[in-house]
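Work through the exercises below with the sequence and the 3D structure open. Try each task before reading its solution.

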Amino acid sequence: MSFTVEERGNPNSLSYRLFFKNAEGKYISPFHDIPIYADESQNIFHMVVEVPRWTNAKMEIATKDPLNPIKQDVKKGKLRYVANVFPHKGYIWNYGAIPQTWEDPAHKDGDTDCCGDNDPIDVCEIGIIVIIDLLLKVLGILAMIDEGETDWKVIAINVEDPEANNLNNISDVQRLKPGYLESTVDWFRRYKVPDGKPENRFAFNDEFKDKDFAIEVIKSTHNFWKALISQKTNAGELNCKNTCVSASDSPYCCSVDEAKAVVGETCPCGKDEDIPSSVDKWFYYERK
């Protein structure tokens with residue numbers, strides 16, 4: 001199953017959006033319409049890449065917007081960029097989410113003792129290929145506590161990556177990519193400090209859990225999403241409109257014409273706007 005994206009608005013501006021289409025050219029929601037599994041029997045998952053490695057723009061699935069396009073996060077009316085906290089330049093992996101998952105903010109996790117962050121589960125893909133839709137082999141997971149919320153970080157690799165055959169569990173990452181997992185913890189611990197926020201913390205004494213543990217967490221967030229999309233859970237401000245999953249009599253069903261209208265209300269793709277020079281600056285501070 002393949003997917004394409006359609007750019008709308010001006011890149012590097014508040015108007016910019018990436019809308020998704022399936023192989024038939026039908027507009028879809030990357031949150032709800034892309035299946036969680038590429039191959040369930042082999043535990044191969046789809047991933048929507050929101051932020052390519054080494055970039056700084058905080059792009060994310062717009063969970064509260066119709067069709068959930070990818071757009072850049074906004075803080076105080078300005079586009080949000082992640083600071084370069086020395087020695088890390090932008091995001092140090094391909095960063096994104098597994099579709100059809102949801103970390104329920106009403107569910108307190110037994111391992112972290114915190115509720116979910118109201119988003120799809122996050123993924124750090126550690127391969128070298130950068131495309132919008134990746135097929136994932138899960139390797140492990142990190143339990144971050146972000147401002148009192150559970151924010152799982154799945155560690156995975158694209159099955160088509162040249163190194164994929166050698167990486168089958170989190171211990172392989174530790175062995176073949178020494179320092180990468182430690183840098184991952186360091187990145188997540190400190191990336192909000194330039195914004196005046198405290199360092200993040202982690203469950204399990206900052207340690208990564210293995211592949212089997214990670215897959216069970218992913219499956220649990222898929223169950224939360226199924227409750228969400230079937231209206232067994234209060235969606236709050238989330239936009240659950242979809243074109244492929246919900247039955248025609250569901251309020252979440254979005255027709256082809258409705259989907260086209262949503263995209264048509266946005267601006268056509270235009271000229272790139274300038275990225276602020278401050279994005280290239282480095283942030284330094286003494287570690288505790």
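The exercises that follow concern a predicted model.

**Exercise 1. Helix α2**

Task: Decide whether helix α2 (residues 180-190) is largely enclosed or open, and state why.

Solution.
- Step 1. Apply the cut-off: a residue is buried when its relative accessible area is under 20%.
- Step 2. List the residues of α2 that pass: Tyr180, Leu181, Thr184, Val185, Asp186, Trp187, Phe188 and Arg190.
- Step 3. Compare with the length of the helix. Eight of the eleven residues are buried, so α2 is largely enclosed by the rest of the structure.

**Exercise 2. An aromatic pair**

Task: Classify the ring pair Trp187 and Tyr191 as stacked, edge-to-face or tilted, and find which cluster the two residues belong to.

Solution.
- Step 1. Set the frame: a pair of aromatic rings is described by the distance of the centres and the angle of the planes. The structure holds 16 aromatic pairs.
- Step 2. For Trp187 and Tyr191, the ring centres are 4.7 Å apart and the planes stand at 15°. Centres must lie within 6.5 Å for a pair, and planes under 30 degrees apart count as stacked. The Trp187 and Tyr191 pair is therefore stacked.
- Step 3. Check the surroundings. Trp187 has a relative accessible area of 3% and is buried; Tyr191, at 8%, is buried as well.
- Step 4. Follow the ring pairs outward. They join Trp187 and Tyr191 with Tyr91, Trp93, Tyr95 and Phe188 in a cluster.

**Exercise 3. Unusual backbone**

Task: Examine the peptide bond from Phe86 to Pro87 and the phi angles of Leu67 and Asp113. For each of the latter two residues, say whether it is buried or exposed.

Solution.
- Step 1. Recall the usual case: most residues other than glycine have a negative phi, and most peptide bonds are trans.
- Step 2. The bond from Phe86 to Pro87 has omega near 10° and is cis. Pro87 belongs to the loop between β10 and β11, and Phe86 lies in the loop between β10 (84-85) and β11 (94-97).
- Step 3. Leu67 is not a glycine, yet its phi is positive, about 70°. Its place is the loop between β6 (59-61) and β7 (70-72). With a relative accessible area of 2%, Leu67 is buried.
- Step 4. Asp113 also has a positive phi, near 60°. Asp113 sits in the loop between β11 and β12 (115-116). Its relative accessible area of 53% makes Asp113 exposed.

**Exercise 4. Salt bridges**

Task: For the pairs Lys64 and Glu237, Arg80 and Asp73, and Lys192 and Glu147, give the N to O distance and describe the accessibility of the partners.

Solution.
- Step 1. Use the cut-off: a side-chain nitrogen of Lys or Arg within 4 Å of a carboxyl oxygen of Asp or Glu. The count by this rule is 16 salt bridges.
- Step 2. Between Lys64 and Glu237, the closest N and O atoms are 3.0 Å apart. Lys64 is in the loop between β6 and β7 and Glu237 in the loop between α3 (211-229) and α4, so the pair ties together parts 173 residues apart in sequence. Lys64 is partly exposed at 46% relative accessibility, while Glu237 is exposed at 60%.
- Step 3. Arg80 and Asp73 meet at 3.1 Å, N to O. Both Arg80 and Asp73 are buried.
- Step 4. Lys192 and Glu147 meet at 3.3 Å, N to O. This pair links distant parts of the chain, 45 residues apart: Lys192 is in the loop between α2 and β16 (201-202), Glu147 in the loop between β14 (133-146) and β15 (149-158). Lys192 is buried at 10%, whereas Glu147 is exposed at 53%.
- Step 5. Look for shared partners. Asp146, Glu147, Lys192 and Lys197 are joined into one network of salt bridges.

**Exercise 5. Surface patches**

Task: Which residues form a nonpolar patch on the surface, and which form a negative one?

Solution.
- Step 1. The nonpolar patch consists of Phe86, Trp282 and Tyr284, with about 360 Å² of accessible area together.
- Step 2. Check one member against the requirement of over 30% relative accessible area. Phe86 is partly exposed, at 44%.
- Step 3. The negative patch is made by Glu7, Asp272, Glu273 and Asp274. Of these, Asp272 is found in the loop between α4 (256-264) and β18 (282-283).

Methods. Residues numbered from 1 in each chain as written. Predicted model: local features only at pLDDT ≥ 70, side-chain atom pairs only at ≥ 80, totals over all residues. Heavy atoms only, no water. Patch = residues over 30% accessible without salt bridge, like charges linked within 9 Å, V, L, I, M, F, W, Y side chains within 5 Å. Areas by Shrake-Rupley, 256 points an atom, 1.4 Å probe, with all protein chains shown as cover. Lys, Arg positive; Asp, Glu negative; His and termini not counted. Charge placed at Lys NZ, Arg CZ, Asp CG, Glu CD. Helix = DSSP H or I, 4+ residues; strand = E, 2+ residues; numbered from the N terminus. Buried < 20%, exposed > 50% of the residue type's maximum accessible area, 1.4 Å probe, protein only. Phe/Tyr/Trp six-rings, centres within 6.5 Å; stacked < 30°, edge-to-face > 60°.
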